[in-house]
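Visitor: Could you take me through one part of this model in detail? I would like a careful reading of a single loop, and then some account of its surroundings.

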Amino acid sequence: MSPTYLLKIVTVGAQSVGKTSIIIRFSTGAFREHYSPTLGVGFAYKKMEVGEDNVNMQIWDLGSQDFLERTRANYYLGAQGVIFMYDVTSWESFNEVIDWKNEVDRNLDDYKAILVANKTDLIMERVVSSEEGQKVADQMGIPHTEVSVRLDKHVNDAFATIARNIIDAFQ
Amino acid sequence: MDFTRRCYTLQSHAIQAILITDKGGSPRFYMQLDPKALNMDPVMASSFFAAIDMFSKKVFDESNPVCHVDYGSRLFTLLNGVKTNLIAVSIKSLGKEVIDVLDSLLAEFELDWLEIVDPFEYNFDTSFVDVYLEAFGERVMERLSLRLLSDTWVPYYTIRPDRPIAIQSLLRDYINGSSNVKEIVEVSNLSRREVVLELSKLWAHRVVRFRNMFSFNDFMTTGTQFIRYVQATSDETKDLQTLHPGMEGVIPHLAGLIDGRKTVREILAELGARHDESELLRALDYLMEVGVIQALTPEKRRILLVKEALELALRVAEGTYSLSEATSALQLVLKETKAPEVLSQLQLKGEKWVVDFDFKILEGIETRRLMILYGEWMKILAQFVQILNPTKLELYVKNLTTVFSQRIVKRYSALDLRGFEEFAYWLEILSTPTKPHVGPVHTSHLQIAWSNAMEELAYLLVTRGHIIYRSESITQIQSASGTPLIDLLPEEWVGKDHVDTFERVMYEYSKLGPAAVLTLLILATQRAILLPQEVLI
């Protein structure tokens, strides 16, 4: 029988990039239409199969506001995976990715990560290209993927990728 | 493309308006399918969409026949035709069935109607609406009909009563300006569907409009042009004296009450002793029709809620701490705030911070920005409470919960409360002295795919509670309520009675502190769950 892995993943990124929405979509299949800032922390989990392995993925949704930095610091503890997110319609959110990496590095020694670009369905408003996203992911040494939480495109793949990378590191 | 004229009508769609433009960016046809939706300027919109169409083809090499532009809660669907483009404005994504109907309407327009308005009569001396194509409008309505025609709306003719109506209608004798849709259905012996179709046809020919398009729970606000109706010498007031004698005397009384934070019901209650209710409603209808007052949109209602919450948080802080402590706490928070739409609405009057509720500041702001501004107000509220002296925080949160339960939770709808639970979680975090739980959360049989609202609430309380209060607290709730919580599925918490068991869990959770009570109040209201009597404030 395959082992069941319990993984702690955190999501970080600028405000309104879709951190809470991606977690809700992944764990419940629903899409949250309204925006609301996460104050403190949110939590969701999903049991899934990754290859032949069973995974209980516990995802911690960290609020992105500046004043929450000290609160966030508590919740990084024990995380094995980090999802860095940005919004393809916002340069600001893309430029903040490196700042988020610096914050995670201050709080975690060893972790696997993925760079996730959201809102690819907003074709007309898109300002960050796939190539630019890939370039930053390469600099960070992590995989890059593009998703649309609204259209439920590639959301599960993003989580499966990070789970696979963490499990592979165990072996 | 399907060129056949299907005879069925889509009864349910999300389209608010349809615009057809030529490839050069001139409007050819515009029609509102939602009488409540804000009017779009067809000339300006046509140029905008022509530019977007060109941009998407050149920059993204996007040559799809259908593409979407998302503006927060408004979605624009662009359909490319041979000579023209059709743009549908909607509040959510359109299904394939609706897009097929639009596609065939566009084909029909190009084949049967485009030549009629070609060369197009529009020029800078002629208003676009003057060359409106009624006959094609009727075809649109045959296929799509009016969106959301409420039973309480009252149709009335826009033409003079003595002018004959060129168009035949089954409703001719029933539209009298005072019977609402429900009453017309009753007296006409027509089905609701037939009445909707007839009204849609009359709407397409622009011979009817509607009154009573707001609900009593709508929050009303004025636009910048409203001032003209309270100036005795303005052209608008003079017109009003001719068109609706007497109304010019009612509007000034309404003026002070349409302040962005009172509902229609509250306005009527305030003036009920001095004016007849129907007189007040007629004046509100008129002001809405001329576009100088409006009901707050869902996004603006959420902003109003959080602004009221901040004002209450300030007043409660002045009472629990002191005026100077409350004032300087907000002063400190505002040093870090940048959004001009927020900063300009917080005014220091004397030594007291006052929230300005005038919504004109948000005129013309698109939905995505409104959502960001909601986030800014939430951030200020959260930071303000965080800065207050922690030694009195428990008392403060207790007082705040009492005030919020009366003035926020009871006053606003479940939809308005969306997202506000985050503030209650924040209060729980701030008022819990122990460090949060950061390790794995014991989820066992707890389900995330809920079959009912109670299970969803149980999931939120157990997981969030686990993190904020640590697992020991959840174990205590488990033993005090005699409920296995995470070791059994919520549907198996039957005991003697599922609801009783669940109520015990809620009661035990409320004992964690006043912030936990606020969380319960908000989450339960959002899900229409009745709280046990012991938890209610």
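Guide: In this predicted model, Ser16(A) counts as buried because 21 C-beta neighbours lie inside 10 Å, where the cut-off for that class is 20 or more. The residue is placed in the loop between E1 and H1 of chain A, and its backbone deserves attention as well, since phi of Ser16(A) is near 60°, a positive value in a residue other than glycine. As background, most residues other than glycine have a negative phi.

A second loop of chain A offers a parallel reading. Lys119(A) sits in the loop between strand E5 (112-118) and helix H5 (130-140) of chain A, and phi of Lys119(A), another residue other than glycine, is positive too, near 70°. Lys119(A) is buried, because 27 other C-beta atoms are found within 10 Å of its own, against the cut-off of 20 or more.

The elements that flank the loop of Ser16(A), namely E1 and H1 of chain A, lead on to the contact between the chains, to which chain A gives 28 residues and chain B gives 35 residues. On the side of chain A that touches chain B, the elements giving two or more residues are strand E1 (4-13), helix H1 (19-28), strand E2 (41-50) and helix H2 (69-76) of chain A. Of these, E2(A) gives the most, with four residues. Sorted by class, that side of chain A comprises 14 nonpolar and 12 polar residues, together with two charged ones.

Notes: Residues are numbered from 1 along each chain as its sequence is written. Chains are lettered from A and ligands numbered from 1 in the order in which they are written. This is a predicted model: local features need pLDDT of at least 70, side-chain atom pairs count only at pLDDT 80 or more; totals for chains, interfaces and linings use all residues. Two residues are in contact if their C-beta atoms, placed from the backbone, lie within 7 Å. Ala, Val, Leu, Ile, Met, Phe, Trp, Tyr, Cys and Pro count as nonpolar, Asp, Glu, Lys and Arg as charged, and the others, Gly among them, as polar. A residue is buried if 20 or more other C-beta atoms lie within 10 Å of its own, exposed if 12 or fewer, and partly exposed in between; C-beta atoms are placed from the backbone.
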